[in-house]
Each structure stands twice: as structure tokens, then as C-alpha cells.
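Reader: I'm new to this one and would like to see the reasoning behind the labels. Can you take me through it?

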Amino acid sequence: MIARVLNPKWTCIPIFLAFLSLILVVAGLSDGLGNNSFISRIDFIDGQIVRSINGANTPFWDSFMYQFTQKWLWVPFYISIVAFLTMNFTLKQMFFISISIVLVILLADQFCAGVLRPMFARFRPSHSHLADALHFVNGYRGGNYGFPSCHAANSVALATFLCYICRNHRVTLLLTVWFALMGLTRMYLGVHYPSDLIVGSVIGIIIGGGIGFMCCRFSNVSPVTQTRLTWLPWTGLVLTCLWIIGRYLTDTFG
């Protein structure tokens, strides 16, 4: 299934992420069993990466990263994606695609937030022993638990589903840039470890790919390879980033 979502030569990437995710999950399940050196090593690497990214803070990046992670800011980008899909699929197909997108986000979010987070109960960096060494933007620290990342699961699930039905390299690149920046933002703000994002991403790939498969298998939706108006969601992403930058300049020099 994953091989059908991505270009075959890149299939090794989600396979590697899935393997790494399995290791991290096993480590998380074993966390309460004692002071395991392997688990301690993972925690150490996780912490070092977060501290390095979070420590590269500047007033500009504080503003950019904080704004980038706000859900309301992405409404125009989502509208551009809906407009793009509408131009490439029929009204009947859009009905099934819309239902699938709702299911993708609902399953990814609820599985991570409602099932896995209470099970692992792993504190975010912002609520761990690292908190005193981290820089927080506008006092934002998130909730207590962050494993796995709901932001990563939701965005990767949506991106995987869209890549499944729109098999276009430019669309894949756009969505890859989007969720990569989203993941970087969460580490910069000190609210997620890399392992939170990796496991969340694998969950997103499985859910997004699975629902994409079922959508195409049990409805009249067929994946398209030649898409129209591919520039539209790219424009939405660029304009969103420019708006963030413009707001920073206005607040700083206005």
C-alpha cells in the first residue's frame, strides 16, 4: 500500500520510519520497567535534538514558528486544497473524498490523543526535566503528554491521503514541505521530541494510506496523475508564509 502512495524508489523511507517507530514504541512500553540503557540513549538523543533546535531561537523565528503552528492560520491553505481537488474530481467523487478526509483526521487525532497518549503518558519536553533549559514562545507549552504527536499524525495522514488520490510529484513535494515545516515548528517550540513526530508520522501514513485505499476501492474515486491547477495549493502555502513574515515586520517595525 505504501509503495502505491509514494514513488517506488522512495518506498524505503516509510519502511525505515515504520521500523524506527516500532523501536520507539517498544522503548516507550518498556519505560516503566527499569533504567534501560537503550531507552536512556533514545531519551538523550531526543533531548539533544530538541535543545539544539529550540536553542536556535531569534525574535523572527519565535514569531514565525508560533504563528505557523496556529490552526486557524491554515484555513486559506485548506481552502486552496479544496479548490484544487474540486477542479480535478467530479462532484460525486468530492462527496466521498470529503467524507474520507474527515475520517482521516478524526481517526488520526483520536487514536493518538485518546488511546496512545494516556497509554504511554510521556511528558512533552516542555513538561519534563528539560523545561528549565528550553526557550518558550509566549508561554506556550502545550498539554502534559505529547507521545505521539497529533499534529504529525493529522498532517501526515491528510498528506498521505491526498498523495494517494493525486499522484503528482509537485503535490507530493508541497505536502512534504508542509508537514516537514510543521514538525520542525513543534520541536522549535519545545513541545515535541523527534520520536513523537516519527511515531505520529507513521500512524498518519498508515491511516491516510489505508483510507485512501478504501476510498478508491469502494467508491468511484480513481487516483489522478495529471492534475490541473497544481499551483493553487502552492500559492496558498506561500501566501500563508508571507503573511506570517509580514505580520512579524509590522509588529517589529510598524
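**Two helices and their aromatic rings**

Author: Keep in mind that this is a predicted model. Let's start where two helices touch: Pro-59, Phe-60, Ser-63, Phe-64, Gln-67 and Phe-68 in α4 meet Cys-241, Trp-243, Ile-244, Ile-245, Arg-247 and Tyr-248 in α10. By class, that contact has nine nonpolar, two polar and one charged residues.

Reader: Why are α4 and α10 called oblique to each other?

Author: Helices α4 and α10 pack at an angle of about 135°. Roughly perpendicular covers 65 to 115 degrees, and roughly antiparallel needs over 145. The angle fits neither label, so the two helices count as oblique. Their axes are 9 Å apart, and α4 passes α10 in a right-handed crossing.

Reader: What makes Phe-60 and Tyr-248 an edge-to-face aromatic pair?

Author: Two values: 5.2 Å centre to centre and 80° between the planes. Ring centres within 6.5 Å make a pair, and planes over 60 degrees apart make that pair edge-to-face. Phe-60 lies in helix α4 and Tyr-248 in helix α10, so this pair ties together parts 188 residues apart in sequence.

Reader: How do you know whether Tyr-248 is buried or exposed?

Author: Its relative accessible area is 16%. Buried means under 20%, so Tyr-248 is buried.

Reader: And why is Phe-60 called partly exposed?

Author: Phe-60 has 23% relative accessibility. Partly exposed runs between the 20% and 50% cut-offs, so that is the label Phe-60 gets.

Reader: Which aromatic cluster does Phe-60 belong to?

Author: One whose members include Trp-61, Phe-64, Trp-74, Trp-178 and Tyr-248.

Definitions and conventions:
Residues numbered from 1 in each chain as written. Predicted model: local features only at pLDDT ≥ 70, side-chain atom pairs only at ≥ 80, totals over all residues. Heavy atoms only, no water. Axes fitted to C-alpha atoms, helices over the stretch in contact; angles between N-to-C directions. Helix = DSSP H or I, 4+ residues; strand = E, 2+ residues; numbered from the N terminus. Parallel < 35°, antiparallel > 145°, perpendicular 65-115°, else oblique. Left-handed = near helix turned anticlockwise from the far one by under 90°. Contact = heavy atoms within 4.5 Å. Nonpolar A, V, L, I, M, F, W, Y, C, P; charged D, E, K, R; others polar. Buried < 20%, exposed > 50% of the residue type's maximum accessible area, 1.4 Å probe, protein only. Phe/Tyr/Trp six-rings, centres within 6.5 Å; stacked < 30°, edge-to-face > 60°.
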